[in-house]
Amino acid sequence: MEQGFRASMNWLHTWAGVVIGALLFAIFWMGTLSVFDREIDRWMMPMTRLAPMEAPVKLDALRDILLSDLEANGEEGVRNAFIIPPAERAPTARVGYRGKDGFKSKFVNPATGEVLPEAGTRGGTGFIFPFHYSLHLRAGGVGYWLVGLAGMAMMALLVSGVIVHVKIFRDFFTFRTDKKTPRVALDLHNVTGVLALPFHFLITLSGLVIFITIYFPTTPNIPYERDSQLFFKEAFGSYTRDKAGQPGSIGSLDAMAAEAMRLWGDGTRPFFVRIHHPGDANGYVEMRQSYENKVTMSMDRVYFDAASGAVLHHHVGEPVLNAQRFISGLHFIQFKHWTLRWVYFALGLSGCVLIVTGFLFWLESRRKRHTQQGLSGVRIVEGLTIGSTTGIIFATLGFFIVNRVLPLGPEHRDDIEFWAFYAIWVLTFAHAWLRTRRGWIEQCYAIAAAALLAVLLNAITTGDHMLRTLMEGNWPVFGMDAMMLAGGAIALATAIRLQRRQSTAQTATRPARAIRTDKPEQQHA
């Protein structure tokens, strides 16, 4: 510990940021993109670019499609199947089940009942969003724990940052663009930190609260004598019953939905329908209440007997759980509020800027001293910073490009996209350490080129160029193209600025050529 409390907090703030900053940037970057994960789905899955339906879809029609698919594939004894009706941000319906060969699902055009071609991609909801909270490291739940560690570190960084910056209100209004890099980086770090401090604190704390049952697995079970099933039954309204082993039918899902809406009493429709033991006499249907019109991610659900439609169980969330689900709703922002969604996106980007400027200040304030002392710390951290910031941005654009280049149909197409992302990301780290002084410039140029290429490939492969999507009001696809072009323009401007600054610095440090003062006749003599 340093001498004095504030000095200790400064040490904590500095080294927690350096050690965990790369992981934090990846989490913040993917979390920011997840604000528009369904819009990214529409861009990556051209077959889902449908106009939203005005009238509610008939669940019975989707039920028939699901049952026909089960029968055609000979899937008997399926434990459960599901139906996801269309919504404003996802105008396609979806049906699926977990069969003998794993999880299967299909998109359906709700207007025509046509089964759409296989998406062949995980998209934003299947790749970007899970990366945000699990890093796609599922073995032993290590991804969840790493994200939790990063969340705790972020809380420590926020608290220690407030303590370190005693002139926090002055920092809010101070940004000097005419100063050298360390000063500019620190000013931008302070401005983004102070401006979005409530958001950063809320989004980090809520992220930890969401996974409380992972980080504190035994705490909720103590009052239930470690009977986790009893805990989940009471807290989340779980209901189960065994198979009868006799054939059974599935009644009208539309009638069940109408009864569920009557019980809920607020006009909301079910957003998710699960059929347990389809085709069995003891089959039952679970309907979950939509939360698109409220912040709380409600756990209210109704269970029906599949054949008769009789209500078996109606769960209403208790106050304690509703408080946790309200905090979750603030984090996930699944309710309809486009203005707030853009605010979340902008504040998420400010978190990315906060992290990268903290890295830049550390690097520039130590570069000269480390060079004089022959230390390699700056080179190591700079390579890590480049790969974890511009590198992951370039890898994300590469993920989009591969999605547009690969034809539909090949088996494991989504796995190719998955591994292409990580291969590109690893290569950006290698490039950063090999080309440290030019790494920022070259990767910013690469981002600009990749953004333009992704937009062009979308227009070429789908015909949905920006003018067309603008005229048709296809805002998700237009927004994706527009944001990539805007990001590419920022990267290009940054690369040009960095190149000019580097050229100026090299000119200033270049030894001056010796000036000959002897007269020609003196030289001849």
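**Exercise 1. Describe the interface between domain 1 and domain 3 by its buried area, its contacts and its polar pairs.**

Solution. About 2200 Å² of area is buried between domain 1 and domain 3, and carbon and sulfur atoms give 71% of this area. The structure is a predicted model, and the values that follow are computed from it. To place the two partners, note that domain 1 covers 1-45 + 121-217 and domain 3 covers 375-506, while domain 2 takes in 52-119 + 219-331. The C-alpha centres of domain 1 and domain 3 are 21 Å apart, and 22 residues of domain 1 are in contact with 29 residues of domain 3.

The next step turns to the polar pairs. Across the interface of domain 1 and domain 3, five residue pairs are found in polar contact, and the count of salt bridges between these two domains is two. Asp 414 and Arg 122 form a salt bridge in which the closest N and O atoms are 3.8 Å apart, a distance that satisfies the criterion of within 4 Å.

**Exercise 2. Determine which helices supply the side of domain 1 that touches domain 3, and how its residues divide by class.**

Solution. Begin with the secondary structure: α1 (5-34), α2 (37-44) and α4 (123-134) each supply at least two residues of the side of domain 1 that touches domain 3. Of these residues, the largest share comes from α1, which gives seven. Sorting the side of domain 1 that touches domain 3 by class then yields 14 nonpolar, five polar and three charged residues.

**Exercise 3. Trace the salt-bridge network that contains Asp 464, and state what the pair with Arg 49 ties together.**

Solution. A search of the whole structure gives 21 salt bridges. Side chains of opposite charge can pair when their charged atoms come close. The side chains of Arg 49 and Asp 464 form one such bridge, with an N to O distance of 2.7 Å. Arg 49 lies in the loop between α2 and α3 (59-72), whereas Asp 464 lies in the loop between α17 (436-462) and α18 (466-472), so the pair ties together parts that are 415 residues apart in sequence. Both Arg 49 and Asp 464 are buried.

The second step follows Asp 464 to its salt bridge with Arg 468, where the closest N and O atoms are 3.6 Å apart. Asp 464 has a relative accessible area of 10% and is therefore buried, the cut-off being under 20%, whereas Arg 468, at 35% relative accessibility, counts as partly exposed. Through salt bridges that share partners, Arg 49, Asp 464, Arg 468 and Glu 472 are joined into one network.

**Exercise 4. Explain how Glu 417 and Arg 413 are placed along their helix, and decide whether they are buried or exposed.**

Solution. The side chains of Glu 417 and Arg 413 meet in a salt bridge with an N to O distance of 3.1 Å. Because the two residues are four residues apart in helix α16 (residues 413-434), about one helical turn separates Glu 417 from Arg 413. Both Glu 417 and Arg 413 are buried.

**Exercise 5. Give the overall dimensions and the buried fraction of the protein.**

Solution. Taken along the principal axes, the C-alpha atoms fill a box of roughly 115 × 60 × 40 Å. The protein has 20 helices and seven strands, and of its 525 residues, 47% count as buried. Finally, among contacts between residues at least 6 apart in sequence, 68% join residues at least 24 apart.

Technical notes: Residues numbered from 1 in each chain as written. Predicted model: local features only at pLDDT ≥ 70, side-chain atom pairs only at ≥ 80, totals over all residues. Heavy atoms only, no water. Domains from an automatic or database assignment. Contact = heavy atoms within 4.5 Å. Buried area = accessible area lost by both parts, 1.4 Å probe. Polar contact = N/O pair within 3.5 Å; in protein donor to acceptor, adjacent residues only side chain to side chain. Nonpolar A, V, L, I, M, F, W, Y, C, P; charged D, E, K, R; others polar. Buried < 20%, exposed > 50% of the residue type's maximum accessible area, 1.4 Å probe, protein only.
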